[in-house]
Amino acid sequence: MNVFLKNKKEIADDTILFGFEVPDAAMSYKPGQYASLKLALKYPDEKGPERFFSIVNPPDNKPGGRGRRIEIATRISGTGYKQTMAAMQDGDPAEITRIGGEFILPKDPDQAVVMVAGGVGITPFKCMLDHLVSKDEKRRLILLYSNKNKANTAFYDELSQMEPAGYVSKVYFVMTRDDTWPGPKGRMNAGFIADNISGYQKKHFMVAGPPSFVGGISQALEELGISDVKLEKFFGY
Ligand SMILES: Cc1cc2nc3c(=O)[nH]c(=O)nc-3n(C[C@H](O)[C@H](O)[C@H](O)COP(=O)(O)OP(=O)(O)OC[C@H]3O[C@@H](n4cnc5c(N)ncnc54)[C@H](O)[C@@H]3O)c2cc1C
């Protein structure tokens, strides 16, 4: 499906949100799913012209949820693909070749869920949370979100609002390299989860981010004997 860049904006250090218009027919997807985005490469890239990105903006609330707009967010690096992306101008075309994935919230709205995001791994959770907000649906959710520092934390302001608005019972921003951060610091591990998430044994854990982050958290969950876990590894990082 052809899409066209509508706008892009920096949402954290080196992190850009790209909004694409979907002119032909609205696209059907569930919050948490990814889109495969194919670009006409301006710069050579040995991994080719296509990457997966979790969709950031929620579909509408009609049955089979659709969107006339697709937003994705990524860290800009030196690869030909990312450099092509960074150079894109409003109106430039791209192609979404597929939408897929099973990284979605449990069907049971009463199931308590702990969302664990590493860096740009926040994207599928942002989509799920905004979808709940748009439906005014309140679930039992906790968000653990790890970044280097505050400047590196995408959607900091919006996510900070989720707790007072009652859509998330607690948001933990955890910084790995920020001496000035007043909240939790360092790598998230089994001790952090056990100390902060009461009744963690009965909660459903969803973990997204670069494979090294997801691997570390999944090991911590295993140490705690938690097996109700869903992982989304952002392969390629
Ligand atoms: C289901 C799924 C969903 C995904 N969703 C997203 C998403 O929402 N957003 C997203 O950005 N990606 C997402 N990805 C990953 C995405 O598809 C790309 O693989 C990823 O963005 C890497 O892009 P790249 O190949 O251009 O490499 P790069 O961005 O350059 O990263 C590749 C490697 O380059 C090196 N590197 C790059 N920059 C640095 C740096 N600053 N410091 C040190 N080393 C560095 C690292 O070794 C890194 O592993 C997803 C992947 C999957 C499978």
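This passage describes a sheet, two of the helices and one buried lysine in a predicted model.

Strands of a sheet pair through backbone hydrogen bonds, and they may do so in either a parallel or an antiparallel manner. In the present model, an open sheet is formed by six strands, which follow one another in the order β5-β4-β8-β1-β2-β7 and pair in an antiparallel way. The edges of this sheet are held by β5, spanning residues 50–54, and by β7, spanning residues 69–75, each of which pairs on one side only. From one strand to the next, the twist averages 40°.

Within the sheet, the pairing can be followed in more detail between β4 (residues 34–38) and β8 (residues 93–100), two antiparallel strands that are joined by five bridges. One of the residues concerned is Lys38, whose bridge partner in β8 is Glu95. Helix α1, made up of residues 80–87, lies across several strands, namely β1 (2–12), β2 (15–21), β4, β5 and β7, and its direction makes an angle of about 65° with that of β5.

Further along the chain, helix α5 comprises the 13 residues 211–223, and the distance from its first C-alpha to its last is 18 Å, which is close to the 18 Å expected at 1.5 Å a residue. The buried residues of this helix are Phe213, Val214, Ile217, Ala220 and Leu221. Because these residues cover an arc of only 125° around the axis, they are placed on the same side of α5. The face turned away from that buried side carries Ser212, Gln219, Glu222 and Glu223, which are exposed. The cover over the buried residues of α5 is provided by elements that include the strands β9 (113–118), β10 (141–147), β12 (204–209) and β13 (229–233), together with helix α4 (190–196). Just after the helix, Gly225 adopts a positive phi of about 75°.

A charged side chain may be examined in the same way in helix α2, which runs over residues 123–135 and contains Lys126. Lys126 has a relative accessibility of 7%, and it therefore counts as buried, since the cut-off for a buried residue is under 20%. The side chain of Lys126 makes a polar contact, at 2.6 Å, with the side chain of Asp130. When residues up to four places away in sequence are not counted, Lys126 touches Val56, Phe155, Glu158 and Leu159.

Methods: Residues numbered from 1 in each chain as written. Predicted model: local features only at pLDDT ≥ 70, side-chain atom pairs only at ≥ 80, totals over all residues. Heavy atoms only, no water. Pairing = 2+ DSSP bridges. Helix = DSSP H or I, 4+ residues; strand = E, 2+ residues; numbered from the N terminus. Axes fitted to C-alpha atoms, helices over the stretch in contact; angles between N-to-C directions. Contact = heavy atoms within 4.5 Å. Expected span 1.5 Å × (residues − 1). Buried < 20%, exposed > 50% of the residue type's maximum accessible area, 1.4 Å probe, protein only. Arc of directions from axis to C-beta. Polar contact = N/O pair within 3.5 Å; in protein donor to acceptor, adjacent residues only side chain to side chain.
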